[in-house]
Amino acid sequence: MTTSFMILAVLTVAGTAAAMGLRNAVHCVLALALGFAGIAMLYLQLGAQFVGFTQILVYVGAVAILAVFAIMMTHNDKSMALPDSHSAWVAGCIVAVAVFAVLARAIVSSSASAQTQPPQPAATVQQIGNALMHRFVMPLEIMGLLLTAALIGAVVIAMDRREEMK
Amino acid sequence: MSTATLAAASLNLEPANESGMDQLLEIAMGPQHPSTHGVFRMNVVLDGERVVRLKPVFGYLHRNHEKIAENETYLGSMPYTDRLDYMCPLTNNWAYALAVEKLAGIQVPERAEYLRVITGELTRLQNHTCLIGFLMQDMGASGTPLMYAFRQREIILDLFEALTGARMMCNYMRFGGCRVDLPAGWLDQAKKVVAGFPRFLDEYESLLVSNEILMDRTQDVGVLSKELAISAGISGPMARASGVDYDIRKVDHYSIYDRFAFRVPLGSHGDVYDRFMIRLLEMRESVNILQQAMRDIPEGPIVDPKTKIRGFRPKPGEAYGRIEGPKGELGFYLVSDGSPNPYRYRVRPPSLINLTILEDLCLGRNVADIVVILGSIDIVMGEVDR
Amino acid sequence: MDEKLKTELSKQGIFTTSLQELYNWGRTSSIWPLNFGLACCAIEMIATTMARYDLARFGAEVFRPSPRQADLMIVAGTVTKKMAPQVVRLYNQMPEPKYVISMGACAISGGPFKQGYNVLKGIDRYIPVDIYIPGCPPRPEALIDAFMELQKKIDAQQLTGENRPRHLNADEPSEFIVPQFGEHDLEPTRNSSIWEPPLVQIAQTGSDESGSH
Amino acid sequence: MVGEGILKGLAETARNFFGSYVSKDRLTTVQYPEQREPQIEATRDFPFLVYDGADWQQGMRCVACQICEKECPPKCIFIEKSKDKKPDAFGKMQIYPATFNIDISVCMSCQICVEVCPFDAIKMDVEYHQSSDDRFGALLLNKQRLSKSNEYYNAIHPTEASAVDAQRAEELAKLEAKAKAAAEVKAAAEAKAAADANPALNASPQQPAGDPQ
Amino acid sequence: MTHLALMTQHLDQIFVLTSHWLLSYLPIALQPLCSAILSVAAIIIAFATLFALTTLLERKGLGRMQNRYGPNRVGPCGLFQPLADGVKSLTKEDIVPIRADRAVHFMAPVLLVAASFMGYAVLPIGRNMVMVDMNAGVLFFFAIGSLMELAVFMAGWSSRSKYSLLGAMRAIAQMISYEVPLVLASVVVLMQAGSLSTVAIVNMQATYSGIWPHWFVFTPWGFAGFALFMIAATAESNRSPFDLPEGESEIIAGYYTEYSGFKFALFFLGEYIGMFATSGMAITLFLGGWSAPFSFLTWIPSYFWFFAKLLTIISVFIWIRGTLPRLRMDQLMNLAWQFMLPMTLLNLLTTGIWHFMLPGFLRWIVCSTMVIVPCILLGSGLKYKKKFQIRTYHFSQ
Amino acid sequence: MNSLQSYLLLSSLLFSIGLAGALTRRNAILVLIGIELMLNAANLNFIAFWRYGPAPEVLTGIMFTIFSISIAAAEAAVGLSIILAAYRHSRTTDLDQMNSLKG
Amino acid sequence: MNLEAIKSEIEANVPGCRLELIANPSPSGQHSLLLDAEHASAVALYLRDTPNLRFDFCSNITGIDWPGKEVSQKIKVRKLVDGVEQEVEETRITTIPGSLEVVYHLYSVEKKHGPIVLRMRTKDRDAGVHLPSFTPIWRSAELQEREIFDLFGVLFDGHPDLRRLLMWDEFQDYPMRRDYVDPDDYEYEPTAHDAVLQRARQHLSQANPVQPSEGEAR
Amino acid sequence: MTNNMYLPVIVLLLAAIAFALSTLLLAWFWARFFSPHKPGPSKNAIYECGLESQGDAWIQFKPGYYLYGIIFLVFDVEAIFLLPFAVAFTGFSATECIAMLVFLLLLVEGLVWAYQKKVLVWT
């Protein structure tokens, strides 16, 4: 465990925990952006440069902005700082802690997960491009279909029906 | 559509919030706002960026001009009229002098009429250039057109200063004439300025007229129909941009405008672009008038010798005199009770009345359009609030 | 702790002096006016920034529309009673150090319109004014002149000590009473902590007048 | 073609940009404190009082008739008549203003005081450097500060001043002629009376008019 | 001759050599860190200075366009004007509105400045003068650029002023709309360069046929890409005529309406630094980065060329600002989605075709037509749809 | 050198945080964000396994993550749209209230 | 355009309306028609819509305040004085009730003629200040009528949005009326004379009673 | 160590943040020692053209922005696939390019649909 990993881990956990814990929804999204950036930096640490930057571009640059938009669109006096019911909070936390305990136990006990490996040459974008266009060309096309479907679906759902009828 | 239903329909000022769910944003634009031309204020209700309601708020420059004038002598109000529409003081002087001349039955000597036409048209030139500059400023043009406009305005102001002694507050006209005669060399200088003006207009036009952004931002924005324009008392270039063929210089035959050949440009769309273009075209006509007037100006007295400066008391009665100011119909209504002060003194401010339809023009438009529409109406708060 | 440091600083006279010079130089050379005009004088104010006079030469063409970024408020034109609360509020919302130029007769005293019922007889009844420019309207040169006068005034200000200007003194206010609209007049009609009419002068002229008639 | 107008506009600003380095028309700035525009003769700013001769108190043309005070639209002039009299430029005994104040924080430079003044005593100045941080002291011009010599008047408004001077000279001449004529008439009458009384004195008619008194 | 070549080479590499020389005195373990610190310090100082100079240049340039001098009193020719502005901003009171979200209000300018500086990590400002030669450098640049949207939103939202919020929403809508064309316009270069590394891209352009360099801008798709990239870059950096988020005449000062003191200056700084970064990227991608425009000019140091190109682009920005009025929000968005996006996609296709066609005259004609004709069609289509035209007017009798 | 274990632990922690958020928050947008977070945790696992896996040159983990990110983005778009639509209907983003309104 | 002819034309066409021709002695010769409030709208509509008149442009609307006047008249009255009937001169004070007058200047854009001047008077200056609004007929009346309401206090029935235009909403007075008293805010007036001086001195004696005597001592 | 590569980036990030913070700190110090902060209810109120601010700015916005957000998101993701393709493009034959073209056309189809639905017309 290097210091850099520690720092990034703390950053990420703090960001995500804040995202889930803060009251103000906008603060949550901003904290989430921090968490996403932390994860992106973990990817960089793991040598996945392209994925790391993708993470920032998509999550911080687009998903967070979209979430912000959604919050601004649903911004009224009620939706700001919804008080979370106490019982649900406790129950949720218990479930989460339990899940974490189970997972952690499995990871720690697993011998495969303890391995450390010497650094590998990082994946270059060119390699990714080649892989994408050869081995993963079918998923790519499906992805295109999916994105188009998502675009149309999301727009249709989000569009104001009344305006559409006009 | 008959004008009655039109006026009634346009008065239905409560637009429904169509989508019924979006929260409306209420914004005050002004009194301190970069593009409200002074201290105008608009309470704007926005749905997103679309205007659903707009209530103008006046009175931030209400300096009681009428009340003060009722306690002043007739002459004493003359310098105050400079401060009404402070972009064009000389036409204000003129309108006031005209009203008093009507009230007291004073004749104006020939030369004085020429002087009035010359100064009045120069005023129109500088008002229109500056207006276009301000309009472009509102569109976000970083000041360049405004700078060019003011560059030209300074040249005209130099003329005013040489003639009347002041750059802005000229206090030049007198009942029955003008205060001072032309100083030596003034006419030559003015001829040079007027001769150079079309060149400036060409420059201005090449900078602006065919600019796609400007066209896109002004065409079909703030369309004012001819019927509404007449009903709402819109006058001046703004009415003419809507196709109302009404120029008081032609209609009232006041002063000596009948002697000059000039044309009245008319718009057909009634949008901001038309208002902008009508002013550009009007400037060219003004240049025409100026050239004719400066060619024909006769020698002679400049003021009716019978009019007294002090102790001027018109007989009881009333008069309404109006001229075609750069902003529209500028009228003065005076009631005399035989005392040295007017009993009632009223300014018919074109800026204020042209603002009547502001909300109608802005409804359903973008925020950015508001400032453009307001800019194209050409208001000066000194006159709106008086 | 900071008291100690202050005394230490004052001991290091040269340091403070050069700091003061730098501070005053920065302030004088970069006075950004608030984009705010009221009436006739505003046109001359605009003319001052235009090509012929070019206030930009002094680094002052950055007319900021928001008071938060402005240093100088040029009260250019008649302040009506309806406008006065807004002017005061805008002044309040400017960050220190802030200066006020009262441009033109109307802003100083109500000017020619002082007889009006809706005209405030001088903006200095509510906010402290640094420079007054008489004139109706003052020529652009007069505004440049006043601007340079203001620069001189700023340049002479002390960073520390008793004579330091208002904004450096923690005890002096930086926001002033915003008058309220009353039934007949503004309430209060003046901020008496900064504006007191010089009574003696009226008495004198009054008595002289009565004496002569 | 889209973009044509934009390119035209760009060409226009570029022409102005490069033109500013070569042409005076495209760089219209007058760098005010150092450079100044040529003084326009008709320019007016605030009123001043003209005096003839060297002493401002002696030569003051104003006779405190208070017409300007009454006609001044914003009522910014305050005059108080003197109790004694002094001879004016025409030698006539006139009262003079004991106090003559103009509040330039109100004055709107309308020139009406000049127009109504029957004595050519008040004229318009061109001095606009009046900005000050002292409202109550600096902006109320008293008699002394208002008084400027006729030479100064001639220097700032030469055409107008020479006309005024000519008119005054004419008036003076007329007055003198009148006085002379009156004196002659008087002298003649006296002479006649004297002749009637004492015919012996007829031989010396060139007696100074005022002498017998 | 060789002596001269050596000298110019040394001059070209003077900063690199100096830093190597300096670092050689340090222990090996510290060298990477110190090298990083050195280059970072150089970048920050250089671009902060450039920011100061640019503000002055802008004010003076605008002044000249408007027939006046512009700032010329503070220091020789007004050279110290930015410094004075800085000192003034630094000593200005800092006001945070009571109802504002204090923490976010504080973080927004810091994040903006940080994000805007990050882009320089991959910009080669001279031969061998790049901080990191990343394998995915261009992607890094765009990824970091998207952080600025967040900063702008934070500023506008936290101020809790209506103008700020309107400005922020405008800014985000604008930035996201133009980010897609920005990325897509640069993809054409990547297709030809075959790398996301900025260094590789520049190196590829720094070769010459005769005296002419192989800049990508000198191809039909490159030119179209450059034009589209520049339009998008103008919009991304909120420059006129796309300066709607701070549209003075409409929404006061946009998202930084409530910022005072040095926080406001930081916004200013951030915007300019961001603008330099995007311009630098345009130079790297299309204008051959630090390479000289003619082969016989290669003796002039590479960093000089970079900054010369940067200043040229900035001057064009200033020129445009001095001329054009601002667009309206709907026009801005329609331009992005109805013109820029189709054109960038088409440009991708053109690049593909260029690649598969044999070198020669024909592919020039085909590709030029492919770019120019739709551009005119789309443009006049827009013009036709809007029905805007120069009108003729009649006169009353 | 970090071990795979530490990454896996971190990712499981992130997953739990996301889960906790998804379970406890009443604001639908934040619930969606929690789910996104869980997806991210999974992505982190992919990358970690790719990095420490037997054949990193095959890039499967990376490709999986890229696709996963894309799908997550699409999911976010659609999910937020649904929330918006629901909000338009019930004027709230509170899941409990949405539920109780049954509208 | 003969006003007499128009008057009789209107009276013929608008049933029941009474018009009065008010002569204007000044050289301007702009005589006017006095309308009664009940038929004003009908007359206005007639003026606007009749093809040969077409006064479609309401240029100017003015309020005028005519305060009530007390006219003292000397009349001879027969009276019993000391038991003898005598003709005694007596001054009788008659109060002419004041009114607020609104004056309209109409023009025709279509026919290019005008102006025709209309006036209306309120019953008095206190309660009976109602007049019909012309805003539905000419839109240009909207702001001008608001202004007259603000400054004179005329209530226009049928106006869509009758609020104060120039003064603030809390303001109570009607400042353009002749009997309006300005707020006393001349605390400092270096060149005060006439009425202002009186007021300034009054102010001074209230604010600082010692000062005047001190001044006089000088 | 791959980390070494990011060292300058991290230093740059820290330096940029430090740059911003240090200036703010300097301003704070200045305020602390010389020019004291003087907050006040009117001064720290929200600016609204000189008026008292009415109503809250944090209100609900129109969904128009959101639609643009969705399309942006989808095209951002598309760019993610496009970039590796572009980088490897020179080595590709027509087959791969056609595959990419199909992918792009799918997205363009969505875009065209959006045009037709007038989603991309700002109101």
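This is a short talk on how the chains of this assembly touch one another, followed by a few contacts inside single chains.

Okay, before anything else: what you're looking at is a predicted model. So please keep that in mind for every number I give you.

Let's start with who touches whom. There are 18 pairs of chains in contact, and the pair that shares the most contacts is A and F. That interface draws on 69 residues of chain F and 85 residues of chain A. The buried area there comes to about 6800 Å², with 74% of it from carbon and sulfur atoms. Now, how many salt bridges turn up across the interface of chain F and chain A? Zero, by the rule used here.

Chain F also meets chain H, where the contact takes 12 residues from F and eight from H. Here about 810 Å² is buried, and carbon and sulfur atoms give 73% of that. Once again the salt-bridge count is zero, this time between H and F.

And some chains don't meet at all. Chains A and D don't touch, and their nearest C-alpha atoms are 32 Å apart. Chains A and G aren't joined by any contact either, with 30 Å between their closest C-alpha atoms.

Chain A does meet chain H, though, and I'd like to zoom in on one helix pair there. Find helix H6 of chain A, residues 137-158, and helix H2 of chain H, residues 64-88. Their axes come within 9 Å and cross at roughly 175 degrees. The cut-off for roughly antiparallel is anything over 145 degrees, so H6(A) and H2(H) fall into that class. On the chain A side, the residues making the contact include Leu140(A), Met143(A), Leu147(A) and Leu151(A). Across from them, in H2(H), you'll find Ile70(H), Ile71(H), Phe75(H) and Glu78(H), among others. What's the mix of residue types in this contact? It's 15 nonpolar, no polar and one charged.

Compare that with a helix pair inside chain E. H11(E), residues 261-286, and H12(E), residues 302-323, have axes that come within 10 Å and cross at roughly 120 degrees. That angle makes H11(E) oblique to H12(E), and the crossing is right-handed. H11(E) brings in Met275(E), Phe276(E), Ser279(E), Gly280(E), Ile283(E) and Thr284(E). H12(E) answers with Phe306(E), Lys309(E), Leu310(E), Ile313(E), Ile314(E) and Phe317(E). The tally for this one is eight nonpolar, three polar and one charged.

Back to salt bridges for a second. Side chains of opposite charge can pair when their charged atoms come close. Over all chains, the count by this rule comes to 79. One to click on is Arg344(B) with Glu70(B), where the closest N and O atoms are 3.0 Å apart. The two partners are 274 residues apart and link distant parts of the chain: Arg344(B) is in strand S9, residues 342-348, and Glu70(B) is in helix H2, residues 65-70.

Last stop, chain D. Trp56(D) sits in helix H2 of that chain, residues 56-59. Which residues does Trp56(D) contact, if you leave aside its neighbours within four places in sequence? They're Tyr51(D), Lys143(D), Gln144(D) and Ser147(D). Ser149(D) is worth a look too: it's 93 residues from Trp56(D) in sequence, yet the C-alpha atoms are 7.2 Å apart.

That's my tour, thanks.

Conventions: Residues are numbered from 1 along each chain as its sequence is written. Chains are lettered from A and ligands numbered from 1 in the order in which they are written. This is a predicted model: local features need pLDDT of at least 70, side-chain atom pairs count only at pLDDT 80 or more; totals for chains, interfaces and linings use all residues. Side-chain values use heavy atoms; hydrogens and water are left out. Axes are lines fitted to C-alpha atoms, for helices over the stretch in contact, and angles run from 0 to 180 degrees between N-to-C directions. Helices (H or I, at least four residues) and strands (E, at least two) are DSSP runs, numbered from the N terminus. Angles under 35 degrees count as roughly parallel, over 145 as roughly antiparallel, 65 to 115 as roughly perpendicular and the rest as oblique. A crossing is left-handed if the near helix is turned anticlockwise from the far one by less than a right angle, and right-handed if clockwise. Contact means heavy atoms within 4.5 Å. Ala, Val, Leu, Ile, Met, Phe, Trp, Tyr, Cys and Pro count as nonpolar, Asp, Glu, Lys and Arg as charged, and the others, Gly among them, as polar. Buried area is the accessible area (1.4 Å probe) that two parts lose on being put together, summed over both. A salt bridge is a side-chain nitrogen of Lys or Arg within 4 Å of a carboxyl oxygen of Asp or Glu.
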